[in-house]
Amino acid sequence: TWNLGAEGNPLVSTDQKYFAYSNIYQGKWTSFVKRNKDKKEEKLIYKDYGVGVLSWQPMHQKILLQLTHLGRNECQYALADVSSFPNLSEPKIIKPCDMRKNGYAQLGPNSNFLYFSQQDEGYGGNAIYQYDIARNKNNIIVPPSYENYGALNLKVSNDGKYLAYLW
């Protein structure tokens, strides 16, 4: 791109039809979705929040976002449906997050679970959690480490049966 600032987290949808990325300029996150066939691009927006792209939902035209408002110290995981591109609906909030503790996240293919990394109090390394959206409950998948290393960059398989991550 020729945007001012720096681009990051380039993502291609599972069906290869869309490309998404984030841009940071003067401390503000902005994200875009581009349709690959004609390069038409739309900005992802949510109220007065900064919008960062995290991951595509496997086998769907939906993208997981991290919405942040630094002034209010607010963070939310949200899902944007791009299937009606270029008409993008408002992202749907999934759960709150903590900008200081949470890292990468991905929604499972059936939309039942959100997988995310988190640095828990008293630990040096991240854990991976599975959040049951319907029951509003966390389940630890990979425990945190006392050392300064832990789970990073998780990825859910397209069928939702496997979880890969760096340790």
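In which loop, between which two strands, is the place of Ser111? To answer with care, it helps to look at the whole chain before returning to that residue, and to keep in mind that the model is predicted.

The secondary structure of the protein consists of 14 strands and zero helices, so that a reader who follows the sequence meets one β element after another, in the pattern β-β-β-β-β-β-β-β-β-β-β-β-β-β. The C-alpha atoms fill a box of roughly 45 × 35 × 25 Å along the principal axes. For 167 residues, a compact globule would have a radius of gyration near 15 Å, and the protein, with 16 Å, agrees with this. Among contacts between residues at least 6 apart in sequence, 32% join residues at least 24 apart.

Turning to the interior, buried residues make up 43% of the 167 residues. In soluble globular proteins, nonpolar side chains tend to be buried together. Here the largest nonpolar core has 17 residues, and the members that touch the most other members are Val33, Leu44, Val53, Trp56, Ile63, Leu65 and Leu67. Two or more residues of this core come from each of strand 2 (18-25), strand 5 (50-56), strand 6 (62-69) and strand 7 (74-81). A second core, separate from this one, has 14 residues, including Tyr77, Leu79, Leu107 and Tyr131. To see what surrounds one member of the largest core, the reader can look at Val53, which touches, among residues beyond four places away in sequence, Asn9, Leu11, Ala20, Tyr21, Ser22, Ser31, Leu44, Ile63, Leu64 and Leu65.

The loops hold some details of the backbone. Between strand 7 and strand 8 (92-96) is the loop that contains Pro86, and the peptide bond leading from Phe85 to Pro86 is cis, with omega near 10°. In the loop between strand 3 (28-35) and strand 4 (41-44) lies Lys39, whose phi is near 65°, a positive value in a residue other than glycine; Lys39 is also exposed, since its relative accessible area is 51% and the cut-off for exposed is over 50%.

This leads back to Ser111, which is placed in the loop between strand 9 (102-107) and strand 10 (113-118). Ser111, too, is not a glycine and has a positive phi, of about 65°, but with a relative accessible area of 27% Ser111 is partly exposed.

Finally, at the outside, the accessible surface comes to about 9,400 Å², of which 50% belongs to carbon and sulfur atoms, while the mean positions of the 19 positive and 15 negative charges are 5 Å apart.

Note on methods:
Residues numbered from 1 in each chain as written. Predicted model: local features only at pLDDT ≥ 70, side-chain atom pairs only at ≥ 80, totals over all residues. Heavy atoms only, no water. Core = buried A, V, L, I, M, F, W, Y, C linked by side-chain atoms within 4.5 Å. Buried < 20%, exposed > 50% of the residue type's maximum accessible area, 1.4 Å probe, protein only. Helix = DSSP H or I, 4+ residues; strand = E, 2+ residues; numbered from the N terminus. Contact = heavy atoms within 4.5 Å. Rg over C-alpha atoms; globule rule 2.2 N^0.38 Å. Areas by Shrake-Rupley, 256 points an atom, 1.4 Å probe, with all protein chains shown as cover. Lys, Arg positive; Asp, Glu negative; His and termini not counted. Charge placed at Lys NZ, Arg CZ, Asp CG, Glu CD.
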